[in-house]
Amino acid sequence: VFLGLLHSIDEHLWAMLRAEEPEQQLTQISQILQITRKVLKLREYSDEWLILNMFKMTQILKIIRRVNEYLETFRSEHPERCQEDIYITPLATWFILVTEFLESHLINVQTFNSYKRDYVMKHYGDLREEGLQILKTSWEDKKAFHYRLITRLCSAVLELTN
């Protein structure tokens, strides 16, 4: 439901968000990321429900892209706020979300049978590869934040290994 709602009000939501004060914007972005992480972890559909699962994953990837764009815009418009926790927290949460997205079995086309893999590649492309490119580019663009991010990301990476 959250993903469908976000899909239908995408432009309106981002315009409303931009009208808020910087601190409120980042708080709302953090909330969107936390909800998206919860949706990603939900297993509301059987693995056999390919189209619904792919809709879910394409919408999560869309959120990943949009929040990344938003955080980049925020950084250029408010450079003085970017060393504060109010910016680092959603940034770290974004990296955690992307990592969890990439770990999802729902987009691991290498494990799909040939029919399912061909269908997904034809209609959705390789979401994992696309997510990985976004992650790599964003990590390279945010070198100034690596030290502050590493401490927050280590626990998330360790969680994924369990």
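Me: How many salt bridges does the count come to here, and by what rule?

Reply: The general idea is a distance cut-off: a salt bridge is a side-chain nitrogen of Lys or Arg within 4 Å of a carboxyl oxygen of Asp or Glu. By this rule the count is 10 salt bridges. Keep in mind that this is a predicted model, where local features need pLDDT of at least 70, side-chain atom pairs count only at pLDDT 80 or more, and totals for chains, interfaces and linings use all residues. Residues are numbered from 1 along each chain as its sequence is written, and side-chain values use heavy atoms, with hydrogens and water left out.

Me: Happy with that. Which parts does the pair Arg-81 and Glu-23 tie together?

Reply: Helices here are DSSP runs (H or I, at least four residues), numbered from the N terminus. The side chains of Arg-81 and Glu-23 form a salt bridge at 3.4 Å, N to O. Arg-81 sits in the loop between H4 and helix H5 (85–103), while Glu-23 belongs to helix H3 (residues 22–41), so the pair joins parts that are 58 residues apart in sequence. There is also a network of salt bridges, linking Glu-23, Arg-81 and Glu-84.

Me: Is Arg-81 buried or exposed?

Reply: Read this from relative accessible area: buried means under 20%, exposed over 50%, and partly exposed in between (1.4 Å probe, protein chains only). Arg-81, at 18%, counts as buried, whereas its partner Glu-23, at 45%, is partly exposed.

Me: What about salt bridges within helix H4: where do Glu-72 and Arg-75 lie?

Reply: Both are in helix H4, three residues apart, about one turn of the helix. Their closest N and O atoms are 2.9 Å apart, and Glu-72 is partly exposed at 23%. Glu-69 and Arg-66 also both lie in H4, three residues apart, with a closest N to O distance of 3.6 Å. Glu-69 is partly exposed too, at 42% relative accessibility.

Me: Now the packing. How do I read the crossing of H4 and H6?

Reply: Fit axes to C-alpha atoms over the stretch in contact, and take the angle, from 0 to 180 degrees, between N-to-C directions. The axes of H4 (residues 50–77) and H6 (residues 114–123) come within 12 Å and cross at roughly 40°. Under 35 degrees counts as roughly parallel, over 145 as roughly antiparallel, 65 to 115 as roughly perpendicular and the rest as oblique; H4 and H6 are therefore oblique.

Me: Which residues meet there?

Reply: Contact means heavy atoms within 4.5 Å. Leu-50, Ile-51 and Met-54 in H4 meet Lys-116, Tyr-119 and Val-120 in H6.

How values were computed. Helix = DSSP H or I, 4+ residues; strand = E, 2+ residues; numbered from the N terminus.
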